[in-house]
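Trainee: Please take a close look with me at a single part of this structure, namely its salt bridges. How many salt bridges does the structure hold?

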Amino acid sequence: MSTKVLVLGSTGAMGRYLVPYLADMGYRVTAVSLEDEKPYNSNVNCVKGNAKDFDFLNSLLSQKFDGVVDFMVYGGHDFEKYYKLFLENTGHYIFLSSCRVYANEEIPVKETSPRLLDVSKDKALLASDDYCIYKAKSENLLMLSKYNNWTVVRPATTFSQMRYQLVTLEAANTVGRAKKGKKVVLPVQAKNKPATLCWAGDVSMMIAKLLFNEKAKREIINVCSAEHRTWEEIAEYYRDIAGLEAVWVDKEDYLRILNPDMGLGTRWQLEYARMFDRITDNSKVLKLTGMKQEELTPLYDALKMMIEAVPEGYEFPETDVSRRMDEYLEKNGLNERRQ
């Protein structure tokens with residue numbers, strides 16, 4: 001009988017690559033998302049539904065999957081309601097955490113490096129439901145549990161088809177603006193900070209090779225490239241590939257463009273992630289999977305491949321952030337193009 005794998009969040013940045021990898025490895029894959037999805041091949045069964053609905057989830061887990069890869073986002077205390085259900089109903093459960101959990105106290109960042117939850121002095125952050133906090137708290141639930149059939153994976157900042165990050169900006173405000181001939185405003189305080197930006201295809205391959213690996217169980221593993229570039233270098237990649245022209249401004253101006261209300265979550269993503277020195281040690285995942293750094297797609301090549309995959313004639317949506325960028329550039333006389 002074929003090994004059965006359940007992938008929750010199968011149309012996300014990583015899920016879209018993981019499902020084909022698993023199917024090609026011979027697994028029978030049930031791919032669950034909120035969107036209509038076409039099966040990759042006969043090994044894949046696509047199911048549309050909300051995996052956080054208990055009745056729906058229980059009906060899925062009653063099928064007794066050998067492995068579950070969970071890309072769902074559990075804010076606040078939500079994960080407490082789910083984790084035992086997964087651990088008691090599968091042989092191997094892979095939970096998606098994030099390198100966002102790390103503090104900025106060790107370079108390169110290893111799996112044992114301090115987390116913000118454990119060392120931050122920012123009381124507001126610690127009391128919040130910020131991504132870096134609830135991911136770390138979810139990790140704790142697994143680490144403190146009696147179960148041994150889980151693996152926590154921590155991706156670095158990950159880009160994919162139609163998902164392109166630059167500091168804290170996403171596709172519509174990066175490649176979308178570049179394709180419209182508009183400049184992109186970025187925070188100068190992040191300009192020279194090293195960042196680990198990874199292609200989702202490589203990250204998904206790592207996850208596929210960790211699934212059912214006994215040595216990966218009850219382990220926390222960085223799933224990313226060891227390649228790192230400063231945000232300035234990454235912006236230059238975008239310029240070369242997509243014609244993106246960056247304008248570097250003070251972070252307070254940048255934050256006001258992103259969120260005029262100056263919400264703390266927007267600030268924390270910048271100051272507690274993108275302005276950290278993100279050089280990441282991936283030696284553990286390479287050892288466990290037998291992969292080599294040279295097999296991973298170089299950042300420039302992967303970005304080029306993903307940006308060139310934008311469908312011809314596709315119009316990126318106009319965003320409030322983009323409109324505020326236009327206003328800021330106009331007000332400050334920064335709209336003149338470089339020659």
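**Salt bridges at close range**

Mentor: Arg 267 counts as buried, with a relative accessibility of 18%. Here, buried means under 20% relative accessible area, exposed means over 50%, and partly exposed lies in between, using a 1.4 Å probe and protein chains only. Before we proceed, please note that this is a predicted model, in which local features need pLDDT of at least 70 and side-chain atom pairs count only at pLDDT 80 or more, while totals for chains, interfaces and linings use all residues. Residues are numbered from 1 along each chain as its sequence is written, and side-chain values use heavy atoms, with hydrogens and water left out.

To your question: the structure holds 25 salt bridges. The term stands for a side-chain nitrogen of Lys or Arg within 4 Å of a carboxyl oxygen of Asp or Glu. Arg 267 takes part in one of them, with Glu 271 as its partner and 2.9 Å between the closest N and O atoms. Glu 271 is partly exposed, at 21% relative accessibility. Both residues belong to helix H11 (residues 264–274), where they are 4 residues apart, about one turn of the helix. Helices (H or I, at least four residues) and strands (E, at least two) are DSSP runs, numbered from the N terminus.

Another salt bridge joins Glu 227 and Arg 229, whose closest N and O atoms are 3.3 Å apart. Glu 227 is buried, at a relative accessible area of 17%, whereas Arg 229 is partly exposed, at 26%.

Next, consider a pair that links distant stretches of the sequence. Lys 180 forms a salt bridge with Glu 318, and their closest N and O atoms lie 3.3 Å apart. Lys 180 sits in the loop between helix H7 (175–179) and strand S8 (184–187), and Glu 318 in the loop between helix H13 (299–307) and helix H14 (320–331), so this pair ties together parts that are 138 residues apart in sequence. Lys 180 is partly exposed, at 34% relative accessibility. Glu 318 is partly exposed too, with a relative accessible area of 34%.

These two residues also have a place in a network of salt bridges, which links Arg 177, Lys 180, Lys 182, Glu 318 and Asp 326. When you inspect the model, you may begin with Glu 271 and Arg 267 within helix H11, and then turn to Lys 180 and Glu 318 in their two loops.
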